[in-house]
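Trainee: Please take me through one part of this model closely. I would like to see how two neighbouring helices pack.

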Amino acid sequence: MTTDRGGDVRLSGISKTYGSFTAVHPLDLTVPQGSFFALLGASGCGKTTTLRMIAGLEEPTAGTVSLGGRDVTALPPYKRPVNTVFQSYALFPHLDVFENVAFGLRRRGIKSVKKQVGEMLDLVQLGEQARRKPHQLSGGQQQRVAVARALINHPEVLLLDEPLGALDLKLRRQMQLELKRIQTEVGITFVHVTHDQEEAMTMADTVAVMNAGRVEQLGAPADLYENPRTTFVANFLGTSNLIEAKVETASGDDLVVEAAGQRLTLPAARCAAPAAAGGAVLLGVRPEKISLTPADDADRVPAGRNRVTGRITAGSFLGVSTQYVVDCPACPEFEVYVQNIDRDPRLVPGAEVVLHWDPAHSFGLDAAQDIDAGVETAGADEEVAAR
Amino acid sequence: MTAVAGAPPEAPAPAPRKRPPGRRGRLVPYWLLLPGILWLLVFFVMPMVYQASTSVQTGSLEEGFEVTWHFRTYWDAVADYWPQFLRSVLYAGSATVLCLLLGYPLAYLIAFRAGRWRNVLLVLVIAPFFTSFLIRTLAWKTILADSGPVVGALGALHVLDVTSWLGMTAGDRVLATPLAVVCGLTYNFLPFMILPLYTSLERIDGRLHEAAGDLYATPSETFRKVTFPLSMPGVVSGTLLTFIPASGDYVNADLLGSTDTRMIGNVVQTQFLRILDYPTAAALSFLLMAAILVMVTFYIRRSGTEDLV
């Protein structure tokens, strides 16, 4: 069963409802074999439910789950070639590390487990702790036992349900890299559920951003970041400045839009919404793409750049960069990250500035959406994580 | 306490919090222990000492008893009453096994499957305590009456043939047989089994069941390898809470049994209250206590519960 390296995880029209609440709307998703796939979203967005449906711990209301071309929808968890690393690890408290790791092998009737368990414990660097009980280990060690316990079965797919949520920031960073290393080493498909967008972007090849039971957008981390297709993705993944604008001309490769009396340009190819002259569109730009120039030097700004004027309301020095909030007529809280190469002493709160960026760094979104979607959810979730 | 800067220096005010605990402070734990210790001294240690001395006395009610260090009483008690000792262990053991078999599924159901009925079911488990032990046991006389429906049904199903062959019942009767006594003990001590079992099962993290299933354990393997081992503290305390009082019980054997089902509790009661042979009664009590202590120690060592978290 597990020797058959079948391949893809395929979810077809899978959905889950609890009474009148729909946790997951009908969803089609294919996770290619060997990839590191992340389901990213705020709590309650349906990502864990989706994961549990793959594991067989939750029965889908409709749709099918197939692993390597085999329909496993009706199989109970213990018959699926899938293993899970649980959020709180769920290690067996009455068994030592060795027996926890050997559990899956023994259940499948494998008698001589010593060598395999030893190798697996070495892989996660826990050889010395084999005879300890889970409660005698640190959080990071418990997490590695949980990974070893799942990986030793060579599942077709390893499911990770917020496995790093309980660790402190430094350890989390370390474990992210370690998990990535293990995944590259063993080549198993990883499906990782997380609410931490940085974690998803660091580890995964492909990220699916989920919101309210639906996949908002799916793609490589850089692609999602640079070309968000909805306001939720734009706001949830990092920070975006979104400007409400009116389309002036929509011919050729560029769209020319107007916002608060200023003319801005964006590549038509990067506009996710159909744009016709006279229609509304949201123009977005990431804070780190923008340069700040004091209003006195406005004539030194090169031609051909999108420019917006405003006044700095706040600036916070973060070491590598300084984050400014600029009040502009087009966008009241325009965020700008400036790298600290040569700090201009004139850039202080109250200063009149020109914000300018390469038009190619702008993206366009459908204006008929909530402009703040994903802003509050991301904030609320960080609070939950911080507690 | 707010200190005002520049205020004239006054005599240092006593800071009760910071002062190292004085003699009175150090004695506080002992004062708190005192009532309990006094209670145990008066109602446990003193009777024990009194009984111990009684057990080595000789004499009669008319002439009075005297401490003669007559340890032979113990030997005679064992020689005369070993069948009742054995019977007590056997009946209490059977009742404990039956309680475990009946109580475990019920505790499991309440802990994992009862949902919103959980509290109702728990109240029902202890509901029998609202009536007296004696009344409940007497009720079993009616339930097991010779012409009652239970005995009739058991007879019709030929269950009584099997139990008679095993020596647990006699002919068409259930009352006044070992089976009746074991049934009474099982019924009366069942809550003492269910409650600790429920407590330890309820503490088990449901995700461990999911993890076991995820790691290829079938539901029955999940039970054998995860649920049951983790419920061992409940099994041990439940069996102890059932076995210990059941082995000293005499009400069930008295009301539901016959002269052939006398347990050690009945002997002690008769010696104390009817024959008035206090030394033998005291010696029997100590023997029962020693036997239980030995068995319990052995049992706890074997079950290895100290290994559990």
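Mentor: Start with a term. A crossing is left-handed if the near helix is turned anticlockwise from the far one by less than a right angle, and right-handed if clockwise. Keep in mind that this is a predicted model.

Two packed helices are described by the angle between their axes and the distance between the axes. Look at chain B. Helix H12 of chain B covers residues 264-275, and helix H13 of chain B covers residues 278-303. Their axes are 8 Å apart, at an angle of about 155°. Angles over 145 degrees count as roughly antiparallel. H12(B) and H13(B) are therefore roughly antiparallel to each other. Now apply the term from the start: the crossing of H12(B) and H13(B) is left-handed.

Which residues make the contact? From H12(B) come Ile264(B), Val267(B), Val268(B), Gln271(B) and Phe272(B). H13(B) adds Tyr278(B), Thr280(B), Ala281(B), Leu284(B), Ser285(B) and Leu288(B). Sorted by class, the contact of H12(B) with H13(B) has eight nonpolar and three polar residues. It has no charged residues.

Next, turn to the record. An unreviewed UniProt entry annotates several stretches of chain B as "transmembrane region". Among them is 281-300. Helix H13 of chain B runs over residues 278-303. The record also lists 119-139 and 175-198 of chain B. In the model, residues 119-139 of chain B are 71% helix and 0% strand, with end C-alpha atoms 26 Å apart. Residues 175-198 of chain B are 88% helix and 0% strand. Their end C-alpha atoms are 32 Å apart.

Notes:
Residues are numbered from 1 along each chain as its sequence is written. Chains are lettered from A and ligands numbered from 1 in the order in which they are written. This is a predicted model: local features need pLDDT of at least 70, side-chain atom pairs count only at pLDDT 80 or more; totals for chains, interfaces and linings use all residues. Axes are lines fitted to C-alpha atoms, for helices over the stretch in contact, and angles run from 0 to 180 degrees between N-to-C directions. Helices (H or I, at least four residues) and strands (E, at least two) are DSSP runs, numbered from the N terminus. Angles under 35 degrees count as roughly parallel, over 145 as roughly antiparallel, 65 to 115 as roughly perpendicular and the rest as oblique. Two residues are in contact if their C-beta atoms, placed from the backbone, lie within 7 Å. Ala, Val, Leu, Ile, Met, Phe, Trp, Tyr, Cys and Pro count as nonpolar, Asp, Glu, Lys and Arg as charged, and the others, Gly among them, as polar. UniProt positions are given in the numbering used here, feature names are shortened, and annotations may be inferred rather than shown by experiment.
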